[in-house]
Amino acid sequence: MVTVNRIAASAVSVVLAPLVAARTTLIIYNDSQGFLLVRPGAAPTATLFSNRIPPNDHWDVPPSLTYADFHGLWTNDISGGALVTEGT
């Protein structure tokens, strides 16, 4: 099963994808003009994150990390959001 969720951009950390043990695919698309900082398992900060997704780009999360919960926050332009595609 595949689902797509829209998450509104925020200057404070938000949950992009909750922990799902059965998740096999996770794609995070940054649909904003700011950078999206992403971190599995905890809130990202400006200096501590796992991936920095440029505006209008995406991250195919490696299979070894897809089970985790993912948190994100946007830098500079806080508009738009993220499209999160999950497969189980």
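This report looks at a buried pair of side chains and at some strand pairing in a predicted model.

## E86 and R23

Let's start with E86, which sits in strand β8, spanning residues 81-87. Its partner R23 is in a loop, the one linking β2 (14-17) with β3 (25-31). The side chains of these two residues meet in a polar contact of 2.8 Å.

Both ends of that contact are tucked away. E86 has a relative accessible area of 11%, so with the cut-off at under 20% it counts as buried. R23 comes in at 4% relative accessibility, and is therefore buried too under that cut-off.

## What surrounds them

R23 has another polar partner: a polar atom of its side chain lies 2.8 Å from the backbone oxygen of A68. Leaving out residues within four places in sequence, the contacts of R23 include T66, Y67, A68 and F70, along with G87 and T88. A17 and P18 are on that list as well.

For E86, again setting aside residues up to four places away, the residues touched include M1, V2, T3 and N5. A17, V20, T25 and L26 are also among them.

## Strand β4 and its partners

Over to the strands. β4 (residues 36-40) pairs with β5 (residues 51-53) in the antiparallel sense, through three bridges. On the β7 side (residues 70-74), β4 is again antiparallel, this time with five bridges.

L37 is a handy residue for following both pairings: opposite it in β5 stands R52, while in β7 L37 faces L73.

Methods. Residues numbered from 1 in each chain as written. Predicted model: local features only at pLDDT ≥ 70, side-chain atom pairs only at ≥ 80, totals over all residues. Heavy atoms only, no water. Helix = DSSP H or I, 4+ residues; strand = E, 2+ residues; numbered from the N terminus. Buried < 20%, exposed > 50% of the residue type's maximum accessible area, 1.4 Å probe, protein only. Polar contact = N/O pair within 3.5 Å; in protein donor to acceptor, adjacent residues only side chain to side chain. Contact = heavy atoms within 4.5 Å. Pairing = 2+ DSSP bridges.
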